[in-house]
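Subject: Structure handover

Hi there,

Here is the structure I promised to pass on to you. Have a look at it first, and then read on for my notes on what turned up in it.

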Amino acid sequence: MSTQVETMNAQEVANRLVLLCREGKNVEAINELYDDNIVSHEPKGSPMKEKVGKEAVLDATNQWFDSLEELHNVYISNPIVGDTFFACTMKIDATYKEHGRNEMNELCVYEVKDGKIISDHFFYHTGN
């Protein structure tokens with residue numbers, strides 16, 4: 001009797017990521033869904049640069065949470081899935097310790113392989 005574990009497809013990964021992020025469980029989402037060798041891309045001019053590896057993404061996520069004074073509202077759209085890619089929009093209204101209140105709208109695009117997110121790209125204006 002074989003105990004083969006089914007890997008999630010892109011739609012299942014997308015649904016799980018959106019669910020966890022809507023619950024504020026971003027770190028749990030990274031731990032569960034990101035590949036160990038994830039490559040994460042931020043826009044040119046962003047204080048966050050390209051990150052390689054799950055630990056680097058976790059560090060950047062924790063730094064972002066540490067920079068917050070208050071998170072007023074977060075909206076995450078339902079995902080749109082095509083083949084091994086999915087995208088969603090995120091709108092974040094937050095007050096930052098050093099920069100005050102800011103609303104950010106971004107497009108997030110993810111690539112899935114073998115049930116894990118292997119790359120992400122975030123598109124938003126950086127003011128540059």
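D83 counts as exposed, because its relative accessibility is 69% and the cut-off for exposed is over 50%. Please keep in mind throughout that this is a predicted model. D83 is found in the loop between β4 (80-82) and β5 (85-96). Its backbone caught my eye as well: phi of D83 is near 60°, a positive value in a residue that is not a glycine. Most residues other than glycine have a negative phi, so this is a spot to look at when you open the file. The loop in question is the turn of a hairpin: β4 and β5 form it with 2 residues between them, and D83 sits in that turn.

A second aspartate shows a positive phi too. D114 has a phi of about 55° although it is not a glycine. D114 lies in the loop between β6 (100-113) and β7 (116-123). Is D114 buried or exposed? With a relative accessible area of 61%, D114 is exposed.

Now to the strands, starting with β5. This strand is mostly covered, with 9 of its 12 residues buried. Which strands does β5 pair with? Here is what I have:

- Strand β3 (residues 68-76) pairs with β5 in the antiparallel sense over 7 bridges. In this pairing, I76 stands opposite M90 of β5.
- β4 and β5 run antiparallel and are joined by 3 bridges. V81 has F86 in β5 as its bridge partner.
- β5 and β6 also pair in the antiparallel sense, over 12 bridges. The bridge partner of D93 in β6 is E103. These two strands form a hairpin, with 3 residues between them.

β1 (residues 34-41) has pairings of both senses. To β7, strand β1 is joined by 4 bridges, and the two run parallel. With strand β2 (residues 51-52), β1 pairs in the antiparallel sense over 2 bridges. S40 is a handy residue to click on here, since you can follow both pairings from it: S40 stands opposite D120 in β7, and in β2 the bridge partner of S40 is K51.

On to the helices. How are α1 and α2 arranged relative to each other? Helix α1 (residues 10-22) and helix α2 (residues 26-33) pack at an angle of about 155°, with their axes 8 Å apart. Angles over 145 degrees count as roughly antiparallel, and α1 and α2 are therefore roughly antiparallel to each other. Their crossing is right-handed. From α1, the residues V13, R16, L17, L20 and C21 take part, and they meet N26, E28, A29, E32 and L33 in α2. Sorted by class, this contact of α1 with α2 has 6 nonpolar, 1 polar and 3 charged residues.

One residue of that contact deserves a few words of its own. E28 lies in helix α2. At 36% relative accessibility, E28 counts as partly exposed, because that class runs between the 20% limit for buried and the 50% limit for exposed. Leaving aside its neighbours within four places in sequence, E28 is in contact with R16 and L20. E28 and L58 are 30 residues apart in sequence, and their C-alpha atoms are 9.7 Å apart in space.

L58 brings us to the other helix pair. α2 and helix α3 (residues 54-67) pack at an angle of about 175°, and their axes are 10 Å apart. The same cut-off of 145 degrees applies, so α2 and α3 are roughly antiparallel to each other. On the α2 side the contact is made by N26, V27, I30 and N31, and on the α3 side by K54, V57, L58, T61, N62 and F65. By class, the contact of α2 with α3 has 5 nonpolar, 4 polar and 1 charged residues.

That is what I have for now. If you are wondering where to start, my suggestion is the two aspartates, D83 with its phi near 60° and D114 with its phi of about 55°, followed by the pairings of β5.

Best wishes

How values were computed:
Residues are numbered from 1 along each chain as its sequence is written. This is a predicted model: local features need pLDDT of at least 70, side-chain atom pairs count only at pLDDT 80 or more; totals for chains, interfaces and linings use all residues. Side-chain values use heavy atoms; hydrogens and water are left out. Buried means under 20% relative accessible area, exposed over 50%, partly exposed in between (1.4 Å probe, protein chains only). Axes are lines fitted to C-alpha atoms, for helices over the stretch in contact, and angles run from 0 to 180 degrees between N-to-C directions. Angles under 35 degrees count as roughly parallel, over 145 as roughly antiparallel, 65 to 115 as roughly perpendicular and the rest as oblique. A crossing is left-handed if the near helix is turned anticlockwise from the far one by less than a right angle, and right-handed if clockwise. Contact means heavy atoms within 4.5 Å. Ala, Val, Leu, Ile, Met, Phe, Trp, Tyr, Cys and Pro count as nonpolar, Asp, Glu, Lys and Arg as charged, and the others, Gly among them, as polar. Two strands pair if DSSP finds at least two bridges between them.
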